[in-house]
Amino acid sequence: MTVEQIRVSSQWLDLREGADAAARDRELVGHLCRRLPAGGLWVIHDLACGSGSMARWLAPLLPGPQLWVMHDRDPDLLEVAAATPPGPAADGAPVVVATRLSDITQLRPDDLAGASLITASALLDLITSDQLAGPVGLCSAVGWPVLLPLSVVGRVELAPADPLDRSVAGAFDAHQRRMTAGGRLLGPDAVAAAAERFRMMGHRVLVRPSPWRLGPADADLAAEWLTGWLDAACKQVAELAAGVHAYAGRRLAQARAGQLAVTVDHADLLVLS
Ligand SMILES: C[S@@+](CC[C@H](N)C(=O)[O-])C[C@H]1O[C@@H](n2cnc3c(N)ncnc32)[C@H](O)[C@@H]1O
């Protein structure tokens with residue numbers, strides 16, 4: 001049986017990079033800076049790094065020299081991550097990037113040797129509870145801080161509202177929690193599941209909201225997000241597909257014209273030992 005692999009395009013990651021950067025919680029970065037060892041090189045492993053947007057956001061907020069080790073199973077995204085490294089650290093210190101083709105659910109302690117910090121952005125909702133267990137156990141055993149931003153929590157708000165919004169949102173959430181050959185995806189339950197696992201292992205877990213708030217300036221992203229949201233909902237609930245034709249046309253026109261305000265709630269987790 002093959003496990004479903006969700007492929008993410010670099011175009012989509014590029015389109016959402018600004019909204020992701022605006023959404024990630026900066027107060028958690030303050031907590032993080034107080035926990036990281038002073039001086040020396042910080043080695044940061046970014047799991048499921050995609051095209052490297054997390055490093056481009058976080059590296060310039062952290063002081064001191066940094067080595068970012070970027071892990072992903074998609075070689076094309078790793079190539080983009082290597083070609084578009086972050087700027088210098090907050091104090092101007094150099095930031096260097098290395099890439100590793102890896103399945104982050106199969107990592108061993110040696111793969112993360114020497115780490116000062118582990119990050120994984122916009123990943124948790126895409127994996128199953130079993131797939132979460134390995135990385136959580138690994139991080140817990142060694143006790144590095146772990147920063148896990150941008151997991152969806154299953155709340156979406158569109159303004160102006162439409163009576164069909166709720167049905168589409170429900171079908172989309174069910175699609176996110178769908179059963180795959182590798183098990184049921186965590187989807188909107190990811191934050192609670194990860195926080196519970198880390199807390200049971202004795203860690204302190206801070207959770208902060210990190211919503212996307214898309215307005216007229218984000219029309220392209222809103223339209224692309226809406227297309228994916230509707231596609232997933234209709235895939236999950238076949239009866240919905242026939243009923244949402246007019247709705248889809250109306251909502252897409254509003255999104256493209258910058259007349260649809262979209263809030264997609266996410267949460268960020270910081271795990272401390
Ligand atoms: C939504 S993207 C997020 C990318 C990046 N972290 C960001 O914030 O822009 C999810 C990423 O997870 C990667 N991914 C998913 N499952 C993975 C696995 N088991 N091992 C390695 N990478 C994985 C995908 O290839 C994709 O790059």
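**Reading the cores and contacts of a predicted model**

Leaving out neighbours within four places in sequence, Leu 226 is in contact with Leu 158, Arg 251, Leu 252, Ala 255 and Leu 260.

Trainee: This is a predicted model, I gather. Which residues touch the most other members of the largest nonpolar core?

Mentor: Yes, it is a predicted model. To read a core, look for buried nonpolar residues joined through their side chains. Here the largest nonpolar core has 29 residues, and Leu 226 and Trp 229 touch the most other members.

Trainee: Which elements give two or more residues to this core?

Mentor: They are helix 1 (10-23), strand 5 (146-159), helix 6, strand 9 (212-214), helix 8, helix 10 (245-256) and strand 10 (261-272). Helix 8 gives the most, with 10 residues. There is also a second, separate core of 28 residues, which includes Leu 47, Leu 112, Ala 194 and Val 205.

Trainee: How do helix 6 and helix 8 cross?

Mentor: For a helix pair, read the approach of the axes and then the angle. The axes of helix 6 (residues 165-176) and helix 8 (residues 219-236) come within 8 Å and cross at roughly 75°. Angles of 65 to 115 degrees count as roughly perpendicular, so helix 6 is roughly perpendicular to helix 8.

Trainee: Which residues make that contact?

Mentor: Helix 6 brings Asp 165, Val 168, Ala 169, Ala 171, Phe 172, Ala 174 and His 175, while helix 8 brings Trp 229, Leu 230, Ala 232, Ala 233, Lys 235 and Gln 236. By character, the residues of this contact are nine nonpolar, two polar and two charged.

Trainee: How many aromatic pairs does the structure hold?

Mentor: The structure holds two. For a pair, read the ring centres and then the planes. The rings of Trp 225 and Trp 229 have centres 5.0 Å apart and planes at 25°, so this pair is stacked. Both residues lie in helix 8, four residues apart, which is about one turn of the helix.

Trainee: Are Trp 225 and Trp 229 buried or exposed?

Mentor: Both are buried.

Trainee: Let's try a loop residue. Why does Ala 89 count as buried?

Mentor: Its relative accessible area is 6%, and buried means under 20%. Ala 89 sits in the loop between helix 4 (75-83) and strand 3 (95-101).

Trainee: What does Ala 89 touch, not counting residues up to four places away in sequence?

Mentor: Ala 89 touches Ala 59, Pro 60, Leu 62, Pro 63, Gly 64, Gln 66 and Val 95 on that count. Take Gln 66: it is 23 residues from Ala 89 in sequence and 7.5 Å away in space, C-alpha to C-alpha.

Methods:
Residues are numbered from 1 along each chain as its sequence is written. This is a predicted model: local features need pLDDT of at least 70, side-chain atom pairs count only at pLDDT 80 or more; totals for chains, interfaces and linings use all residues. Side-chain values use heavy atoms; hydrogens and water are left out. Axes are lines fitted to C-alpha atoms, for helices over the stretch in contact, and angles run from 0 to 180 degrees between N-to-C directions. Angles under 35 degrees count as roughly parallel, over 145 as roughly antiparallel, 65 to 115 as roughly perpendicular and the rest as oblique. Contact means heavy atoms within 4.5 Å. Ala, Val, Leu, Ile, Met, Phe, Trp, Tyr, Cys and Pro count as nonpolar, Asp, Glu, Lys and Arg as charged, and the others, Gly among them, as polar. A nonpolar core is a set of buried Ala, Val, Leu, Ile, Met, Phe, Trp, Tyr and Cys residues joined through side-chain atoms within 4.5 Å. Buried means under 20% relative accessible area, exposed over 50%, partly exposed in between (1.4 Å probe, protein chains only). Rings of Phe, Tyr and Trp (its six-membered ring) pair if their centres lie within 6.5 Å; planes under 30 degrees apart count as stacked, over 60 as edge-to-face and the rest as tilted.
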